[in-house]
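Please open the structure in your viewer and keep the selection tool at hand. The tour proceeds by selecting one part after another.

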There are 2 protein chains.
Amino acid sequence: MSLTLLTFIRSLNHHHHLSKLSSLRLHRYISSNTNPTSSSSPTSPPFEVNLSHPIYMIWGSNTGVGKTLVSTGIAASVISQSSTTTSGGTKFSYIKPVQTGFPSDSDSRYVYRKLSEIFIRKKPPSGFVFSNQVIKASNAAAEHVVGGETEGGIGNVGLRELCSVEERRIVGELDGVSELVCKTMFGWKEAVSPHLAAEREGASVEDSVVLESLQKCLKFCSRGGGKDENGVWTIIETAGGVASPGPSGTLQCDLYRPFRLPGILVGDGGLGGISGTISAYESLKLRGYDVVAVIFEDNGLNNEVPLMSYLRNRVPVLVLPPVPRDHSNNLMEWFDESQNVFFFLMKTMLSTYSERVQRLQDMPRKAGDIFWWPFTQHGLVPEETVTVIDSRCGENFAVHKVTSSEVITHQFDACASWWTQGPDTTLQAELARDMGYAAARFGHVMFPENVYEPALRCAELLLDGVGRGWASRTFFSDNGSTAIEIALKMAFRKFSFDHGILLDFQKENIVKQPIEFKVLALHGSYHGDTLGAMEAQAPSPFTGFLQQPWYRGRGLFLDPPTVFICNGHWDLSTPKVLQSDIIKPNDTAFRSRDELFSGSRDYSDLAKSYSTYISRQLSSLPGLGTSTHIGALIMEPGMALNFLVAINQIHIVEYFTGPMEPLLNICHKSVVIQGAGGMHMIDPLFQRVLVKECRSRKIPVIFDEVFTGFWRLGVESAAEMLGCVPDIACFAKLLTGGVIPLSVTLATNDVFNSFKGDSKLMALLHGHSYSAHAMGCTAAVKAIQWFKDPLTNLNMAAEGRHLKELWDVELVNQISSHPSVQRVVALGTVCALELCTEGSDVGYGCLYGTSLIRKLREDGIYMRLLGNVIYLMCGPCTSPLVCNQLLNKVYERLHEFSQAKPTEVRSLAFMYRFDP
Amino acid sequence: MSLTLLTFIRSLNHHHHLSKLSSLRLHRYISSNTNPTSSSSPTSPPFEVNLSHPIYMIWGSNTGVGKTLVSTGIAASVISQSSTTTSGGTKFSYIKPVQTGFPSDSDSRYVYRKLSEIFIRKKPPSGFVFSNQVIKASNAAAEHVVGGETEGGIGNVGLRELCSVEERRIVGELDGVSELVCKTMFGWKEAVSPHLAAEREGASVEDSVVLESLQKCLKFCSRGGGKDENGVWTIIETAGGVASPGPSGTLQCDLYRPFRLPGILVGDGGLGGISGTISAYESLKLRGYDVVAVIFEDNGLNNEVPLMSYLRNRVPVLVLPPVPRDHSNNLMEWFDESQNVFFFLMKTMLSTYSERVQRLQDMPRKAGDIFWWPFTQHGLVPEETVTVIDSRCGENFAVHKVTSSEVITHQFDACASWWTQGPDTTLQAELARDMGYAAARFGHVMFPENVYEPALRCAELLLDGVGRGWASRTFFSDNGSTAIEIALKMAFRKFSFDHGILLDFQKENIVKQPIEFKVLALHGSYHGDTLGAMEAQAPSPFTGFLQQPWYRGRGLFLDPPTVFICNGHWDLSTPKVLQSDIIKPNDTAFRSRDELFSGSRDYSDLAKSYSTYISRQLSSLPGLGTSTHIGALIMEPGMALNFLVAINQIHIVEYFTGPMEPLLNICHKSVVIQGAGGMHMIDPLFQRVLVKECRSRKIPVIFDEVFTGFWRLGVESAAEMLGCVPDIACFAKLLTGGVIPLSVTLATNDVFNSFKGDSKLMALLHGHSYSAHAMGCTAAVKAIQWFKDPLTNLNMAAEGRHLKELWDVELVNQISSHPSVQRVVALGTVCALELCTEGSDVGYGCLYGTSLIRKLREDGIYMRLLGNVIYLMCGPCTSPLVCNQLLNKVYERLHEFSQAKPTEVRSLAFMYRFDP
């Protein structure tokens, strides 16, 4: 190999041609000022990380711990490794997103130059092309840069594109050419923290701009240009310590979190370095990062010993030889000495990367083999349709996807992780800290007869929030279903107390004659899957013999009137039994949703009809008041996502509802489907009348707010929206902000008092081991406060009573007028679309929905189907901009699909099931 | 005020008398070498923190950030504040537990001297006594100390007591005298990390010794000596950064965790300081510490801005003026300038302290007002008996107690937080990190049709562990009760499939005639509180009309034979129906527990008797095989803590069991109690025969391992102990190591296949929103691995199949022979004692137990009562030494009590309830 030794040229403002053998060039492009706030994230494509080659972040436990030396060492190791083989060379990219002290300091330039120096010395058999580029710099910094200084006149603020590239080529003996691409994304002049430099130089950059720019760089670096896949590598070196602020002030560990790239932590070998390294490691873990190795310079203090003990040998701890402090030392000897360490590091990075990719690829098969998913017919879930979720970031899933390439890409979790999800990115980070804290402070501590801060604070917040004005007691349990079981026990006791049954029982010690308790409930309601909760539901395929032979259905189930948006207007649909009544048109059409909820409707004729209907139904119950009692009213205030399906094959014509999932099987198999799908919001007037009727009969009222509670419908409690209060209410799902299971049954003092006595046997003898567990209560405390504070939840209207409108009213109305859409309900964080059926064929809507959802997942929206209903569900903090974007995408796809003929839709959906 | 100006005297080895007005003294005591490993924690009194005055830790985000300056500033502020009032002066204590670089560096000497200097300048109206003492130093360090150098001859290793005190007195104009007590606990010579210095100087100190020494210092410092309570303060300055190792190598943030003192974090105002400060803060939070303020020296970088933003203004961030770098500067001006900042800090510390104490005092009342505890008759829980749990540390609660003084003190959580608790201190810290990581990486992501690492890994570990050899599928839910509901649904389907019922149903689409499914279960078993789980239990006060009118009791309930230790021997008790059979003495007495579990018993006559009994019971069921089916066998393999109570007042004579809590009311009220309490371990042979009988009849077998699973009984799954496998098994409680709710129902492939089909309606349509939640699965992954790894669980026998014997067999036998004890069961992590009753009066045992438990709580053991049974439950990692200590204390108290006459016991217990 022949090689020309070069000296580095610091300043060169024209093309400089060198020999054919090696060259050092500096390109110049047009530089321009960019508007730092011009880019907005909502319209940008979802974040994506290419998995075809290793990409790592280089983190520092502090500033000045040698991140750049480590970057250089890794690069040298990778390039050497490939240059000694004939496998076509390497493309190694080094990205420095944020550089301060620029241009006098430039880590990308250091890596570029140091590697040139190393390889000129090494004389590897393959050739190389090394380059270094600084993309943008503050005007203050650009002035001092070759190619930056002449473009003045715009004042000393803002950022300027530099786009000058230093390049060095060496032709080797072998064909393979190794590439080193060094890039600095943004440079600032002052050698201080980026946020400070950006501020002082009037050249700030929004987080979204940094991320998009990094995304672009990553894309560029992933293009191997014919290189062996094993030869492509990218590393990204952060600035300062792990929690040093980026240009906007956002901590870097938070800033880069959407990519969640695996990392190398450069530790501190000095005095105090153990502490700094461990804390930095913990800050990374506390943001969901994986750290694959810790490496640091030896300072003779054996810092590796406590570090290895702390890491329990799970993460390798590597020690580099001491770095000569003499500035004139070119470190060539040091790099030689460090070679083995960097080689080991590279191997670790490579094997961790390969194992990760292998695991991601294997996961769908393994999941299909050993999981038993709830509500899932496994035979209908081919391996290819299983979603591998690598992580979540705020409202987005990061999913593993193999299409043309293998990537981790973002999808908006429009199922709100099955109706529980609440946190945005910031709240997720806060909750992670709180979960760590609660586990460390309390772990779990038993509840009965004890008190601890998170449980007490949570109870206080509940009584001051969703229970305000009526509730006095908090009974904690684990999920919605157990909360309902407890509520029923409470209600029956209260009823027994109020109606003299308890007194009789206490006098005689036995129940004089068999008493049958029933609940008053609504057809199509869902309250959970444990037997007690099931019994409060009307019969359906979900409660039949196939599921639980013990189910009897101990309720009087009413048909509720429903409301919805159709052709741009709110409309009312009443059950058949009411349709003979004379209902005034005024009573069934509404100018707005507010009118629908207005208390003035209480005095309408419709209210009277409702009341009559309810009374009639109650009096039709045989033995009522003697052998049979309606022991409780149970209902979901506000909306229930129901759907009605009649499947002639099993002769069940009933409502069913709840977290019941795509009846894809119905579409898929050759069942004749006769019913119609539907999604219903119960008329609030009907619910109010129902409560009133029960009150007058001393029937305890249970509100099942498991789904509706905590801003799901735009208000903290749906009871608030209805304008009436229950005796008992159940909350779960969003209660913890959507991170871990916890539920609570709130009750009035009267309910509580019906359990009082001097015998333990009078007490409510129900409990679960993790009752009021500290972590759940801690999460609830954070979430309850976060959601209602206008400082943390920008969706909160100033008075703190309801969320801003998240779904653009105009657009919702437009969608409700679309020919493919039967009706829409948009309320709070939910927007549900019922797709048209062909005649009474719900199958059509279902097939149609399946195809739609398939397309929307490609668009980065993870949605699921409820019969012929598709829905978008966001968190209480999700920006209306994002909601709008989601809705627009749905609208676009709807439009696209309505162009296709039904037969096409059918075949498309069919294909999806069989050839995903 | 008159004052003599003094110069500091560095070296003084005799008493030095100064004027009456001021004195500087140096006491000398006998110095001696101490054995650094002589102290062992198990025998030491529980950790205790006095709440009568503020005690704070001073943490540093790094070494050299000015912790000592902050300590000095706080001390100056507190002393100034009191010296300007007439309220009798202050006692301010400064403790430096660990000092390296000693004696040339001594932070306590610095604080002592600097404060002397400040107050000599300030001339406060009150007098002062300032002192500084170094308690122990390594011999290497002691040689250089006044008072240390002459005592040579023992070689340059080990620690030496110094006990020399520097003291300075100034008499003021006012009566009040302010005291400053400075103490260094341990000093090493080399200016490196304490663990390194200790190692190099051959003078290591165990963690327990540091903690005991600190406890002693704290006690000394708390004695105000007549000082106004508001005037007593203690601060403890750590060494280096928050995660710097202590003398043994344990990180300081872990080392001091048992005290969980609130802290001040001294941040870093320099470049990179934001990151270091935030990470240090996070490391403290991740160990359950509360940080009440962050303070740092200004470096002109405005580090407070991002810090305040990060802390969301919840924790004050204070900025000190730049510290002059000139070594000749005595900082007097700097302290003057900083005065306001320190004053504010002091006020913050004081108000946070007062609020905390106030809150702790208020908690019992508030809890009683708004909680609704499970299994609790609130009327029987007076405010004074409510336990305020401030935190937990491994197996210990830190509880708030007000007796002669107000303290936070440790109690061993012998209820294993209601049978869930597993982690020791180390695992708790690991789980906290993992919980933070899981929340940050995943929060919660929906499960059906998806896969993510923690769920997959957890499923793999379950099938390879507790499900090994039989289970193929994992169905996740939230708690034991839901796991049982799911198991029942699985079993009924499997039964229908195996017995042609499903085929009939599918052919006809209806059930031809009403089919009644029953379960085969054991009297006295408990499986949960949701209706389905209740139905599988025999009738009891816990299932009666008062609790859930819907309960019918759909089972055939058998009376199981039980085994126990009595008078030092394992013994068998058979149910009445078997007592007519001829049972050989050989079959009912056992030389050891192993004999009891031996498979050779399968061929005994007793096994035949069991088999006959079971068959007889089955055939007695009316309509069996036609209208009625036994759809499942459900039982807890191994031990069930049952107790039998007959309460004539409500005419219920039945077994009941489970997390049913002290029937204190029964003792308390004037109910005539006729039954006998008992705690039962089911004969393993009986359970094996039962399984065999069901197998032969194709009745699916459910093992309820919610309580017994994961080493509770000494093996990972109790099935293993029985030597037979189920078709379905339920796990919860210890599954997550005992930190958050998660449960799983495991099933064989045959069970899974009975849900297969091409219709979704054939699938198991049961699910909960948080199914397989990422945090729960993450905790489970850690716990499952931790418990069975001999490297992390020292109780694990090398082959990893069972735990070491935790309860000393000798001592258990002794206790079982005690006249007050009827029988004992000791197995795995459980040791239960059934107390003697007077004839059939369980009330006596109950009263007796109540008194015992009261005494044992004073001894630092938090126990609860199950009728007349008291039990100790530890975690799978709890040291046998600790178990032994607990058992010994119980034995001691038993002995003490058996001295007292029954009437005395009775009145004592009575008193406890009414005058706690």
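The stops below lead from a whole chain to the contact between chains, then to a buried strand and a sheet.

**Chain A as a whole**

Please keep in mind that this is a predicted model. Select chain A, in which 27 helices and 35 strands are found. Of its 916 residues, 60% count as buried. Among the contacts in chain A with a separation of 6 or more, 75% are made by residues 24 or more positions apart.

**Where chain B touches chain A**

Next, display both chains. Here 155 residues of chain B are in contact with 154 residues of chain A. Which helix gives the most to the side of chain B that touches chain A? Select residues 425-441 of chain B: this is helix H11, which gives the most, with 11 residues. Colouring that side of chain B by residue class shows 80 nonpolar, 53 polar and 22 charged residues.

Now select strand S13 (residues 387-393) of chain A together with strand S16 (residues 450-451) of chain B. Two bridges join these strands, which run parallel. Val388(A) has Val451(B) as its bridge partner in S16(B).

**A buried strand in chain A**

Proceed to strand S4, residues 55-60 of chain A. Why is S4(A) described as largely enclosed by the rest of the structure? The reason is that six of its six residues are buried. Show the side chains: Ile55(A), Met57(A) and Trp59(A) point one way, while Tyr56(A), Ile58(A) and Gly60(A) point the other way.

Add strand S9 (residues 232-237) of chain A, which runs parallel to S4(A) and is joined to it by four bridges. Within S9(A), Thr234(A) is the bridge partner of Ile55(A). Then add strand S10 (residues 263-266) of chain A, also parallel to S4(A) and joined to it by four bridges. There, Gly60(A) has Val266(A) as its bridge partner.

**A sheet in chain B**

Finally, turn to chain B and its open sheet of seven strands, ordered S17-S30-S29-S28-S23-S18-S19, with mixed pairing. Strands S17 (473-477) and S19 (555-558) of chain B stand at the edges; each has a single partner strand, so one side of each is left without a neighbour in the sheet. From one strand to the next, the twist averages 20 degrees.

Within this sheet, select S28 (residues 701-704) and S29 (residues 728-731) of chain B, which pair in the parallel sense over three bridges. The bridge partner of Asp704(B) in S29(B) is Cys730(B). Helix H13 (residues 480-498) of chain B packs on the sheet, and its direction makes about 20 degrees with that of S30(B). The last selection is helix H20 (residues 684-696) of chain B, which lies across S18, S23 and S28 of chain B and runs at about 145 degrees to S23(B).

Note on methods. Residues numbered from 1 in each chain as written. Chains lettered and ligands numbered in written order. Predicted model: local features only at pLDDT ≥ 70, side-chain atom pairs only at ≥ 80, totals over all residues. Buried ≥ 20, exposed ≤ 12 C-beta atoms within 10 Å, placed from the backbone. Contact = placed C-beta atoms within 7 Å. Nonpolar A, V, L, I, M, F, W, Y, C, P; charged D, E, K, R; others polar. Pairing = 2+ DSSP bridges. Axes fitted to C-alpha atoms, helices over the stretch in contact; angles between N-to-C directions.
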